[in-house]
Amino acid sequence: MKAVTDFDCYADSYDRALGEALAASGEDRSYFARGRVTWLAGCLRRMGSNPRHVMDYGCGTGATTPLWFEILRAETVVGVDTSQRSLEVARRNHGSERVRFLAAQEYEPAEAEDLAYCNGVFHHIPPKQRRDAVRFIYQSLRPGGMFAFWENNPWNPGARYVMAHCAFDRDAVPLSPVEARRLLRSAGFTVLKTDFLFVFPRILRAFRPVERLIPRLPLGAQYQVLCQKPARNE
């Protein structure tokens with residue numbers, strides 16, 4: 001993940017900085033967060049997967065936390081991050097007996113989670129350290145557990161524009177869907193599908209229903225690689 005000191009500096013201004021970068025889309029971060037979790041929930045439902053225990057890897061200030069309970073009906077959530085300041089904000093705003101927020105070095109992978117999720121995290125991790133990060137997630141999941149890997153699509157001009165205008169993304173190293181799949185497979189995951197979301201900005205929202213028909217086309221500003229840790233007998 002990105003250096004601790006960097007995101008410590010943005011913990012209190014993260015929403016504002018991201019909002020400024022997303023302004024061109026006409027939407028705020030909650031629109032995209034809800035869209036990601038809703039899409040993921042649909043994918044899992046069609047596969048007959050019903051995860052109860054969720055890891056949010058690179059959780060930041062924990063803004064996605066309520067959606068795990070509202071949309072996915074999770075029982076417990078653990079948020080993991082490297083930024084202590086972000087974790088403090090997350091605990092203050094979203095902490096409860098069902099939610100834990102831990103520094104990466106405090107979380108001990110124990111094959112306990114049903115689902116792991118990350119969004120826009122890996123473009124902040126130096127490429128040489130990415131496989132270790134994926135292995136950390138792999139070891140945190142139970143056999144048969146699912147990993148929803150979300151990233152910004154470097155093939156999409158809008159995504160590139162947002163990253164170029166986002167204060168904490170300017171030193172990011174994007175990774176393509178091809179690179180993401182290769183990375184996930186190298187850690188032992190089975191890649192199930194790749195979907196692309198968020199094609200149309202708000203000004204063209206009348207066309208958004210079309211997005212549900214073309215998720216395999218690499219047009220959207222973000223993509224999800226949904227993968228699975230093999231079961232023991234595989």
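Colleague: Is Phe 200 buried, partly exposed or exposed in this model?

Modeller: In this predicted model, Phe 200 has a relative accessibility of 22% and therefore counts as partly exposed, since the buried class is reserved for values under 20%. Phe 207, at 47% relative accessibility, counts as partly exposed too.

Colleague: How many aromatic pairs does a search of the whole structure find, and what describes such a pair?

Modeller: The general idea is that a pair of aromatic rings is described by the distance of the centres and the angle of the planes. A search of the whole structure finds 13 aromatic pairs. In one of them, the ring centres of Tyr 31 and Phe 32 lie 5.0 Å apart while the planes stand at 85°, so this pair is edge-to-face. Tyr 31 counts as partly exposed because its relative accessibility is 25%, whereas Phe 32, with a relative accessible area of 12%, is buried. For Phe 200 and Phe 207, the centres are 5.7 Å apart and the planes make 35°, so that pair is tilted.

Colleague: Which residues do ring pairs link into a cluster?

Modeller: Ring pairs join Tyr 57, Tyr 107, Phe 122, Phe 136, Tyr 138, Phe 147, Phe 149 and Phe 189 into a cluster.

Colleague: Let us turn to the sheet. In what order do its seven strands lie?

Modeller: In general, strands of a sheet pair through backbone hydrogen bonds, and they do this either parallel or antiparallel. Here the seven strands form an open sheet with mixed pairing, in the order β3-β2-β1-β4-β5-β7-β6. The edge strands, each of which pairs on one side only, are β3 (99–103) and β6 (190–197). On average, and with direction ignored, neighbouring strands of this sheet are turned by 15° against each other. Helix α5 (residues 84–94) packs on the sheet, where it touches β2 (76–81) and β3, and the direction of α5 makes about 170° with that of β3.

Colleague: How many bridges join strand β4 to strand β5?

Modeller: Strands β4 (residues 113–119) and β5 (residues 141–152) run parallel and are joined by six bridges; Glu 113, for instance, has Leu 141 in β5 as its bridge partner.

Colleague: Finally, which side chain of opposite charge is nearest to Arg 130?

Modeller: That side chain is Glu 179, which is 5.7 Å away, and Arg 130 is buried yet has no salt bridge, because a salt bridge needs a nitrogen within 4 Å of a carboxyl oxygen. Arg 130 lies in helix α6 (residues 130–140). Leaving aside residues up to four places away in sequence, Arg 130 touches Phe 122, His 123, Ile 125, Val 173, Leu 175 and Leu 183.

Note on methods
Residues numbered from 1 in each chain as written. Predicted model: local features only at pLDDT ≥ 70, side-chain atom pairs only at ≥ 80, totals over all residues. Heavy atoms only, no water. Helix = DSSP H or I, 4+ residues; strand = E, 2+ residues; numbered from the N terminus. Buried < 20%, exposed > 50% of the residue type's maximum accessible area, 1.4 Å probe, protein only. Lys, Arg positive; Asp, Glu negative; His and termini not counted. Contact = heavy atoms within 4.5 Å. Pairing = 2+ DSSP bridges. Axes fitted to C-alpha atoms, helices over the stretch in contact; angles between N-to-C directions. Phe/Tyr/Trp six-rings, centres within 6.5 Å; stacked < 30°, edge-to-face > 60°.
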